[in-house]
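Trainee: I should be grateful for a close look at a single part of this structure, namely the surroundings of the ligand. Please take me through that part in detail and then place it beside other local features of the chain.

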Amino acid sequence: MQTKSEGRGKLIVLEGIDGSGKSTQYERLCEHLSAEGYSYRKVKFPRYGEDSSALIRQYLRGDFGSDPADVNPYAASVLYAVDRFASYMTDWKDYYNNGGLILLDRYTTSNACHQGSKVPPEGRQEFLDWLYSFEFRLLELPEPDLVLYLDTDIAVSSRQMAKRRSGTGEKADIHEKNADYLAECLEAGHYAAEHYGWTVVHCVSGGNMRGIDDIHEEIYSKVKEVI
Ligand code: ADP
């Protein structure tokens, strides 16, 4: 089985609950790295346009239940992990193993937040141990070198999500419709961030989002430390 030292590339993950500004910061990070002449591959999860996300799409539109809690966190995690496995095998494995830099918008870390939120506190550790072992040891996906966790609060995130939807006309999925669920994801994210030593970027100041550029500069300096 592959171990961390055998993978020769770098893997950087942007993580955070919906409305934390991930997509915005991800694009900003990519633009800045391009402007500085870095080569990298962009990988975003879930890959809604691919066959490997068919079951995720069923889950998110509510085919297995309209409440996220209707679907066991272990089962739901497998659906997302399979999409990552397909992406790795068909898209970026060789690039990564030849020393490439991979920038990820969500990864295994999203299962830790979203699915971890469904697990009661006393089962959280067991869930995380299972998750990391499943994706990184059994499926042999590479482990991230840096996870940047965009920390926010529920009021700000809900506002940001509403703003994005009004701009794009997109519909809320079963995760996004449920405010309690979002709060539980935030708590699970804090737990995982602490447990795995993720780099936390505090995106809210005085009840509002910090400026996009301000957050970006912090993210960029952390990224530069590992590439
Ligand atoms: P996510 O990918 O985490 O769901 P997005 O990057 O799509 O979040 O951001 C949600 C909305 O908030 C978008 O409309 C985006 O333009 C806006 N936004 C993102 N970051 C900031 C920020 N720092 N300040 C103000 N608005 C922001």
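Mentor: A polar contact is a pair of N or O atoms within 3.5 Å. With that cut-off in mind, please note that the model is predicted, and let us begin at the ligand. One of its oxygen atoms lies 3.1 Å from a polar backbone atom of serine 20, which means that this pair falls within the 3.5 Å limit. The side chain of arginine 164 offers another such pair, with one of its N or O atoms 2.5 Å from an oxygen atom of the ligand. At arginine 210 the backbone takes part: an N or O atom there is 2.8 Å from a nitrogen atom of the ligand. The ligand by itself would expose 560 Å², and the protein buries 84% of that area.

The shell as a whole comprises 16 residues around the ligand, and the closest are Ser23, Thr24, Gln160, Arg164 and Arg210. Sorted by class, the shell holds 7 polar, 5 charged and 4 nonpolar residues. Three helices, H1 (22-35), H6 (154-168) and H8 (212-226), each contribute at least two residues to the shell. The space that the ligand takes is the largest pocket.

We may now turn to the aromatic rings. A pair of aromatic rings is described by the distance of the centres and the angle of the planes. Across the whole structure, a search finds 14 aromatic pairs. In one of them, the ring centres of tyrosine 59 and tyrosine 80 are 6.1 Å apart and the planes stand at 90°, so this pair is edge-to-face. Tyrosine 59 belongs to helix H2 (residues 54-61) and tyrosine 80 to helix H3 (residues 73-97); the two are 21 residues apart, and their pair links distant parts of the chain.

Two features of the backbone complete the account. Phenylalanine 45 and proline 46 are joined by a cis peptide bond, with omega at about -10°. Proline 46 is located in the loop between strand E2 (41-44) and H2. Arginine 106, although not a glycine, has a positive phi of about 75°. Arginine 106 is placed in the loop that runs between strand E3 (101-105) and helix H4 (108-115).

Technical notes:
Residues are numbered from 1 along each chain as its sequence is written. This is a predicted model: local features need pLDDT of at least 70, side-chain atom pairs count only at pLDDT 80 or more; totals for chains, interfaces and linings use all residues. Side-chain values use heavy atoms; hydrogens and water are left out. A residue is near a molecule or strand if one of its heavy atoms lies within 4 Å of it. A polar contact is a pair of N or O atoms within 3.5 Å; within protein, one must be able to donate a hydrogen and the other to accept it, and residues adjacent in sequence count only if both atoms are side-chain atoms. Accessible areas come from the Shrake-Rupley method with a 1.4 Å probe; for residues, only the protein chains shown count as cover. On a 1 Å grid over the protein atoms alone, a cavity is a set of points where a 1.4 Å probe fits but cannot get out, and a pocket is an open set with protein on both sides within 12 Å along at least five of seven lines; lining residues have an atom within 4 Å of a point. A molecule sits in a cavity or pocket if more than half of its atoms lie within 2 Å of its grid points. Helices (H or I, at least four residues) and strands (E, at least two) are DSSP runs, numbered from the N terminus. Ala, Val, Leu, Ile, Met, Phe, Trp, Tyr, Cys and Pro count as nonpolar, Asp, Glu, Lys and Arg as charged, and the others, Gly among them, as polar. Rings of Phe, Tyr and Trp (its six-membered ring) pair if their centres lie within 6.5 Å; planes under 30 degrees apart count as stacked, over 60 as edge-to-face and the rest as tilted.
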